[in-house]
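This briefing goes through one protein model by topic. Please keep the sequence and the structure in view while reading.

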Amino acid sequence: MEVREKPRSDFQYTVVGPGEYFIDEIFQGHKFPTFYTEKRLAALEFKLTDGYKDLVKTWKKVSLSLKTFEGCYWGKCYFCTYNESYLNKQKSLSQERANILIKTMNGINKTLTKLNSDLSVSFYFSHASIKRKNLRHMIEALNQYKKGNYSWVSFMRPEMWVKKHLADIGATKGIIDIGFEIISYRDVVNKGASVKEHVSLALAARENNVPVYGEFMYGIPKTDIKDMLYYLFGMCRIKHTLLCVALGQLWVEDCTYYSKNPDEFDITLYDVAPLTNYGQTEEEEEEEEDPKYKSGFAAVSGFTLKKGQRKWIGMNKKFLQAMEVVLEGKPETWEYYPDYMEKMEKSEALKIAHTFFPKEKELSYEIADHVWSIS
Ligand code: SF4
């Protein structure tokens, strides 16, 4: 429970943390202070009501979100609100809690597959980027306690240490959800990751049969043509490693580093950025003229550049059109699940780059050579 507004007169208690112990004990006559912090872990019991039991029998796949821990140890990406929006900053995960989580997953999987033996179950861990120590705890618990054929998904940053864990992740049916954001020669979003880390990790995941969900973003202020070409070639190089692609246009939210420091990025903010319309809208698709595209782009971003807006939008538009070719379809929604994507050769990537960025042939050759030299 949490209270953000002034308490009403009939309000008596605030409990920070799981409230079920409090409710149970207060009915037994126990006394509590008005503001009470519950330190016990939430009970992880899973029960299905009769209505759900019938539904489960009709499902083919189910993905359940499981609370692991909060916050992000990195916490620096300019566009991110994660650490601002979640009040509970429990960033660490003990081995004890990891063990409880895996045993809980076993129990849930058993309950569901007993009702429907063909059901494919996966668990999405609720944390943002996982740090090395927390991943070790989860892997140890998975290796020791996992029972059942379910899969699990963990969000992570592209860091080289993850490679050491890929064999274990693959062996326990893990999927890694990576925030690539933009594969660029500069770290334009303060992600703390280089082109080499982005590309090398995705390729290593593929070698270990670990599927990758890739999160990408375009429309970042101050990006230049070299950033976009790196991004395009990076995507071409790793596309066959991706099971799911989320490609969306940046929009600047309150509480982000962008919204607090617009002058640093030479941007003018709108009061309210819309919450929908990731990616290209239908209106933009039908519109041939740049001015309309320009206004559509700005309305989704929630900001405009103080200088060079038109040129920058043109570059982003070309990038998005090139991506439609690379991804073998039009990513119309925030999440896009390609059936299967073939490995792309350097020559094919160059052909796409030359089609959409014909004036940048020399730069394209240079970047393609660099991106394809990464193993
Ligand atoms: S790594 Fe992810 S969760 Fe962490 S600050 Fe960056 S975008 Fe936010």
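K222 counts as partly exposed, because 14 C-beta neighbours lie inside 10 Å, a number short of the 20 or more needed for a buried residue and above the 12 or fewer of an exposed one. The residue sits in the loop between β7 and α8. The model is predicted, and the points below start from this loop.

**Loop residues with positive phi**
- K222 is not a glycine, yet its phi is positive, at about 75 degrees.
- Most residues other than glycine have a negative phi.
- C255 also has a positive phi, near 75 degrees, and is a residue other than glycine.
- C255 belongs to the loop between β8 and α9 (257-260).
- C255 counts as partly exposed because it has 13 C-beta neighbours inside 10 Å.

**β7, α8 and β8**
- Strand β7 (residues 212-218) runs parallel to β8, and seven bridges join the two.
- Within this pairing, E215 stands opposite A246 in β8.
- Together, β7, α8 and β8 form a right-handed β-α-β unit.
- Helix α8 (residues 225-238) consists of 14 residues and spans 20 Å from first to last C-alpha, close to the 20 Å expected at 1.5 Å a residue.
- Of the 14 residues in α8, 12 are buried, and the helix is mostly covered.
- The buried residues of α8 include M228, L229, Y230, Y231, L232 and F233, as well as the charged D227 and R237.
- Elements that cover the buried residues of α8 include α7 (195-207), β8 (242-249), α12 (309-326), α13 (346-356) and α14 (361-373).

**β3, β4 and β5**
- Strand β3 (residues 61-66) and β4 are parallel and joined by six bridges.
- L64 has F123 as its bridge partner in β4.
- Strand β5 (residues 151-156) also pairs with β4 in the parallel sense, over three bridges.
- On that side, the bridge partner of F123 is W152 in β5.
- A right-handed β-α-β unit is made by β4, helix α5 (residues 132-145) and β5.
- Side chains alternate along strand β4 (residues 120-125): V121, F123 and F125 are buried and point to one face.
- S120, S122 and Y124 in β4 point to the other face and are not buried.

**Ligand surroundings**
- Which residues surround the ligand? They are C72, W74, G75, K76, C77, C80, Y82, A128, S129, R157 and G179.
- This shell divides into six nonpolar, three polar and two charged residues.
- C80, one of the residues around the ligand, is 9.7 Å from D254, C-alpha to C-alpha, although the two are 174 residues apart in sequence.
- D254 lies in the loop between β8 and α9.
- D254 is partly exposed because 15 other C-beta atoms lie within 10 Å.

**Overall fold**
- The protein has 14 helices and 11 strands.
- Of its 375 residues, 31% are buried.
- Among contacts with a separation of 6 or more, 74% are between residues 24 or more positions apart.

Technical notes: Residues numbered from 1 in each chain as written. Predicted model: local features only at pLDDT ≥ 70, side-chain atom pairs only at ≥ 80, totals over all residues. Near = placed C-beta within 6 Å. Helix = DSSP H or I, 4+ residues; strand = E, 2+ residues; numbered from the N terminus. Pairing = 2+ DSSP bridges. Right-handed = clockwise from strand over helix to strand, strands pointing away. Expected span 1.5 Å × (residues − 1). Contact = placed C-beta atoms within 7 Å.
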